[in-house]
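Colleague: Got a minute to go through this model with me? I'd like to start with the strands.

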Amino acid sequence: MFEVTLELQKDAVEMRKVYANTVREKIVENTPIIALEADLMSSMAMDGVHKDHPDHVINCGIMEANVIGVAAGLSLTGRVPFVHTFTAFASRRCFDQLFMSLDYQKNNVKIIASDAGVSACHNGGTHMSFEDMGIVRGLASSVVMEVTDAVMFRNILLQLMDLKGFYWVRTIRKQATQVYEEGSTFTIGKANLLRDGSDVTLIANGIMVAEALKAAEMLEREGVSAAVIDMFTLKPIDKDIIIKYAAKTGKIVTCENHSIHNGLGSAVAEVLVENHPVPMRRVGVKERYGQVGTQEFLQQEYGLTAEHILEAAKALL
């Protein structure tokens, strides 16, 4: 079981700065990394990296589909392209390029998709993606992840330098809630057990991991033992831990900053129905588009809080 911070608080560093600092570090180490942006360098703290290393950071402009093609071409030359843009643009606007240029061709490109779900906040409905992980997990060779905090993000970025293939990394840009102790390492494709339990299992990813941990504490005060699992890899999903905890607790609640359709809830349900069916509830966005608002307001509006997880778990109990 993973060691987690005892008191949940915001990370000291923003997720976008984790990305920029890690890219800069790998450039200085003379790795073959090359970072591509779609006119969002200041949004991802990459403008300073571009100023210092103009040969390693390319602003391709507001042409996201073209960025994917450029990245695919660069990968064929031996470079390791990391592409960043907002989650909505990286998925909806680029799907054919993701299919044709990356997945079908098995090119070595890493997509960093930021402003996940309600964290797009004031960018509003057009920039708020609740369907991207479902879109990308449908591709045959993709690996789909949503990072939890700064500790995980940095470790995953470092791993991706050496891993080959098409990887999708969903993230927020600002400060995440710190869940993991400094120095923690992660295995892509293996979920992290954060809290053991015997009555119900909460399976979460992204910003919903912290909410699931809060909900587990609330349940404990009511005499309910809740396990909490961070399913940070959506594809390939960790079937073994899902089956194990379905058998152990008999009840599952999934928690995601994404549509309940074709995301974490659907992926877990697929495993359960084929292996160990148990009652479950899906906490996530239900048949809605985004809107402008603070993250706190949006999490309440779309049912993405510890209280909503608590309600779902109690409904099962």
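Colleague: Is strand 2 mostly covered or mostly open, and how many of its residues are buried?

Modeller: This is a predicted model, to begin with. Strand 2, residues 33–37, is mostly covered, with five of its five residues buried.

Colleague: Which residues sit on which side of strand 2?

Modeller: Ile33, Ala35 and Glu37 are on one side, and Ile34 and Leu36 are on the other. Both faces are covered. In a regular strand, side chains alternate between the two faces of the sheet.

Colleague: Which residue stands opposite alanine 35 in strand 4?

Modeller: Phenylalanine 82 does. Strand 4 covers residues 80–86, and strand 2 pairs with strand 4 in the parallel sense over five bridges.

Colleague: And glutamate 37, what is its bridge partner in strand 3?

Modeller: Asparagine 59. Strand 3 is residues 57–59, and its pairing with strand 2 is parallel, over three bridges.

Colleague: Which helix goes with strand 2 and strand 3 in a β-α-β unit?

Modeller: Helix 2, residues 47–52, and the unit is right-handed.

Colleague: Changing topic. What is the strand order in the open sheet with strand 11?

Modeller: The order is 9-11-10-13-14, five strands with mixed pairing. Strand 9 and strand 14 (280–285) are the edge strands, each pairing on one side only. From one strand to the next, the twist averages 25 degrees.

Colleague: Anything packed on that sheet, and what does helix 9 touch?

Modeller: Helix 9, residues 239–249, packs on the sheet and touches strand 9, strand 10, strand 11 and strand 13 (252–259). The direction of helix 9 makes about 155 degrees with that of strand 10.

Colleague: Back to strand 11: how many of its residues are buried?

Modeller: Five of five, for residues 226–230. Ala226, Val228 and Asp230 point one way, while Ala227 and Ile229 point the other way.

Colleague: Does strand 10 run parallel or antiparallel to strand 11, and over how many bridges?

Modeller: Parallel, with five bridges between strand 10 (residues 200–204) and strand 11. Threonine 201 stands opposite alanine 227, and alanine 204 has aspartate 230 as its bridge partner.

Colleague: What about strand 9, parallel or antiparallel to strand 11?

Modeller: Antiparallel, with three bridges joining strand 9 (residues 192–195) to strand 11. Asparagine 192 stands opposite aspartate 230 there.

Colleague: Last one. Which helix makes a β-α-β unit with strand 10 and strand 11?

Modeller: Helix 8, residues 208–221, in a right-handed unit.

Note on methods
Residues are numbered from 1 along each chain as its sequence is written. This is a predicted model: local features need pLDDT of at least 70, side-chain atom pairs count only at pLDDT 80 or more; totals for chains, interfaces and linings use all residues. Side-chain values use heavy atoms; hydrogens and water are left out. Buried means under 20% relative accessible area, exposed over 50%, partly exposed in between (1.4 Å probe, protein chains only). Helices (H or I, at least four residues) and strands (E, at least two) are DSSP runs, numbered from the N terminus. Two strands pair if DSSP finds at least two bridges between them. A crossover is right-handed if, with the strands pointing away from the viewer, the path from the first strand over the helix to the second runs clockwise. Axes are lines fitted to C-alpha atoms, for helices over the stretch in contact, and angles run from 0 to 180 degrees between N-to-C directions. Contact means heavy atoms within 4.5 Å.
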